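Visitor: I should like to learn how to read a helix and its surroundings in a structural model. Could we work through one case together?

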Amino acid sequence: MNHNAHDPGLSSSSGARIVLLERPGCHLCEEAALIVERVATATGEKVERVNIDDNDALARRWSIEIPVVAVDGKVVAVYRVNEKDLMAALTRDLKRPHPIFGAATRFLRRG
């Protein structure tokens, strides 16, 4: 399976960069949620948590591969979430500058 492609349901409907596909009662999903929320808090990113049982297409596609974490519509973790890998995914392809980069640029422009 190609986890690098953009799959329907992996992009946020609320504008969040991080999407967590999960299912109630899934212990791996609960572990993933703790890590994802911790990273989101540290980075200021929003998380959209999606119960795959509420969407037949997502349930068929991801049924046995949850939890799934996507950043900007790309899968970055399946089953287990690594905090460092998630942080790297968030900073690797920033769609907007991180606040610290903006501050550094303004400081350097002042000369």
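Guide: Let us begin with a helix and its cover. This is a predicted model. The buried residues of α1 are covered by elements that include β1 (18–22), β2 (47–51), β3 (68–71) and α3 (83–92).

Visitor: Which residues of α1 are buried?

Guide: The general idea comes first: an α-helix has 3.6 residues a turn, so residues three or four places apart point the same way. In α1, the buried residues are Leu28, Cys29, Ala32, Ala33, Ile35, Val36, Val39 and Ala40.

Visitor: How many residues does α1 have, and what span does it reach?

Guide: Helix α1 comprises 17 residues, 27–43, and spans 25 Å from first to last C-alpha, close to the expected 24 Å. Just after α1, Gly44 adopts a positive phi of about 80°.

Visitor: Where does α1 fall in the overall pattern of the protein chain?

Guide: Along the sequence the pattern reads β-α-β-α-β-β-α-α, with four helices and four strands in total. Contacts between residues 24 or more positions apart make up 67% of those with a separation of 6 or more.

Visitor: How should one read a salt bridge, for instance that of Arg17 with Asp72?

Guide: One considers the distance, the location and the burial of the partners. The closest N and O atoms of Arg17 and Asp72 are 2.7 Å apart. Arg17 lies in the segment before β1 and Asp72 in the loop between β3 and β4 (74–78), so the pair ties together parts 55 residues apart in sequence. Both Arg17 and Asp72 are buried.

Key: Residues numbered from 1 in each chain as written. Predicted model: local features only at pLDDT ≥ 70, side-chain atom pairs only at ≥ 80, totals over all residues. Heavy atoms only, no water. Helix = DSSP H or I, 4+ residues; strand = E, 2+ residues; numbered from the N terminus. Expected span 1.5 Å × (residues − 1). Buried < 20%, exposed > 50% of the residue type's maximum accessible area, 1.4 Å probe, protein only. Contact = heavy atoms within 4.5 Å. Salt bridge = Lys/Arg side-chain N within 4 Å of Asp/Glu carboxyl O.
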